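Here are my notes on the ligand site and one salt bridge. Please keep the structure open as you read.

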Amino acid sequence: MILALAGGVGGARLAQGLAAVLAPQQLTVAVNVGDDFEHLGLYIAPDLDTVMYTLAGVHNPQTGWGRADETWQFMDTLARLGGETWFRLGDRDLAVHVERTHRLRSGAALSAITTDLCTRFAIAHAVVPATDDRLRTLVHTDAGTLAFQDYFVRQRCEPVLRSVEFDGANTARASAPLAALLAGDAIEGVVLCPSNPWLSIAPVLAIPALAQWLDARRVPVVAVSPIVAGAAVKGPAGKIMRELGLPVEVEAIVAHYGARVDGWVIDQRDARYAATIEGDGHPVAVVDTLMSSPHRAAALAQAALQLLQSLRR
Ligand code: FO1
C-alpha cells in the first residue's frame with residue numbers, strides 16, 4: 001500500500017497518475033481538509049472534491065476545481081437575489097455539497113461520506129480525509145488573520161502572508177480509515193504530492209498522529225517538488241515563499257521538509273540541484289514533473305514509485 005498525501009490541483013493530478021499505475025488495494029490518498037469551510041449553510045471540502053472529481057475524470061481541467069460541463073443556474077439566481085457570489089458553486093458541484101452537508105448533520109463521519117461518494121463516482125482507489133475532526137487553516141497576513149478561503153479566493157492571495165496556523169490540529173485525530181492504516185503494517189511507502197507545502201501538506205502533517213507516525217516510520221517517504229525552474233507550477237506557492245523570505249527554488253522546498261523526506265523527485269529543469277540534494281543524503285530522480293496530461297501524470301507517478309522502491313532495498 002502506498003499512502004499519498006495530497007491537496008489542491010497538484011495533489012489531485014499526481015493522485016490520478018498513481019491511480020493509473022497502482023491497483024485499488026495499493027493506494028490510499030489522504031487529503032487536506034484545512035481548506036474546508038461552511039458557506040451558504042453548506043459544508044464545502046474543496047481538496048476532497050478536487051481529488052474526487054479528478055479521479056472520476058469529471059473535473060474541470062481549466063480551473064483545476066469544480067466539474068467539467070458545469071452549469072451556473074444556481075449562482076446566477078443567487079446573484080439576482082443579492083446573495084454572496086465570491087465563491088462559485090456550479091449546479092452539479094452544488095449537489096455534492098448539499099448531500100455531504102445533509103449526511104454530516106445526520107451524524108455521518110466525513111471519511112464515511114467521502115468513501116460512499118467516491119464509490120458513487122466509480123472511484124476504485126481509497127480517498128480519505130486526513131481527519132474527520134474540525135481542522136481549519138488560518139492565514140496571518142498584513143491584512144489581519146483570514147480564514148483560508150477568504151484569503152485564497154475572496155482576496156486572491158493578495159495579502160502578504162506572514163504565517164499559517166491550523167486551528168484544531170492539536171486535537172485532530174487521523175480520520176478513521178487513515179488511523180486504521182497507520183495502526184497496521186500495510187503501508188510500504190509515502191508520496192508527498194506536489195501540493196503547496198505550506199497550505200496543502202502542512203495541515204495534514206499538523207495532525208499529531210500523522211506527524212508521530214511519519215517521524216517513527218520504517219518506510220520511505222518520497223516527495224515531488226511543486227517548484228519548477230524557480231516558479232510554482234500552479235497557485236501561490238512562489239508568492240508565499242518570497243513573503244516568507246525564501247528563495248523560490250527546489251532547495252528551499254527540500255529544506256522545508258528536511259528529514260521527513262527520504263528521496264526527491266525534481267524536474268529536469270532543476271537538474272543542477274540534484275548533486276547537492278544527493279550530497280545531503282537524499283536520493284534524487286530527475287524527470288519531467290509537469291503533469292500536462294494523464295499520461296504524463298502516470299509517468300511521474302511511476303518515477304516516484306521507482307524511487308520509493310529503490311529506497312526500500
Ligand atoms: N477557487 C477559486 O479561485 N474561485 C472559486 O470561486 C472557487 C470555487 C470553488 C468551489 C468548489 C470547490 O470545491 C473549490 C472551489 N475553488 C474555487 C477552489 C478552492 O477554493 C481552492 O483552489 C482550494 O481550496 C485550494 O486547494
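1. Start with the ligand's neighbours in this predicted model. The ligand has 14 residues around it. Those that come nearest are Asp35, Asp47, Trp65, Arg88 and Gln149.

2. Now look at the polar contacts. Gln149 places a polar side-chain atom 2.8 Å from an oxygen atom of the ligand. Asp47 also uses its side chain: an N or O atom there is 2.9 Å from a ligand oxygen. Arg88 works through its backbone instead, where a polar atom lies 2.9 Å from an oxygen atom of the ligand. How much of the ligand does the protein cover? On its own, the ligand has 540 Å² of accessible area, and the protein covers 87% of that.

3. Next, the space itself. The ligand takes up the largest pocket. Two elements give two or more residues each to the shell around the ligand: helix H2 (46-56) and helix H6 (148-154). H6 provides the largest share, with four residues.

4. Check the chemistry of the shell too. Eight of its residues are nonpolar. Another four are charged, and two are polar.

5. Finally, turn to the salt bridges. The structure has 15 of them. In one, the side chains of Arg173 and Asp133 meet, with 2.7 Å from N to O. Why does this pair tie together parts that are 40 residues apart in sequence? The reason is where the two residues lie: Arg173 is in the loop between strand E8 (161-167) and helix H7 (176-183), whereas Asp133 is in the loop between strand E5 (126-129) and strand E6 (136-141).

How values were computed
Residues are numbered from 1 along each chain as its sequence is written. This is a predicted model: local features need pLDDT of at least 70, side-chain atom pairs count only at pLDDT 80 or more; totals for chains, interfaces and linings use all residues. Side-chain values use heavy atoms; hydrogens and water are left out. A residue is near a molecule or strand if one of its heavy atoms lies within 4 Å of it. A polar contact is a pair of N or O atoms within 3.5 Å; within protein, one must be able to donate a hydrogen and the other to accept it, and residues adjacent in sequence count only if both atoms are side-chain atoms. Accessible areas come from the Shrake-Rupley method with a 1.4 Å probe; for residues, only the protein chains shown count as cover. On a 1 Å grid over the protein atoms alone, a cavity is a set of points where a 1.4 Å probe fits but cannot get out, and a pocket is an open set with protein on both sides within 12 Å along at least five of seven lines; lining residues have an atom within 4 Å of a point. A molecule sits in a cavity or pocket if more than half of its atoms lie within 2 Å of its grid points. Ala, Val, Leu, Ile, Met, Phe, Trp, Tyr, Cys and Pro count as nonpolar, Asp, Glu, Lys and Arg as charged, and the others, Gly among them, as polar. A salt bridge is a side-chain nitrogen of Lys or Arg within 4 Å of a carboxyl oxygen of Asp or Glu.
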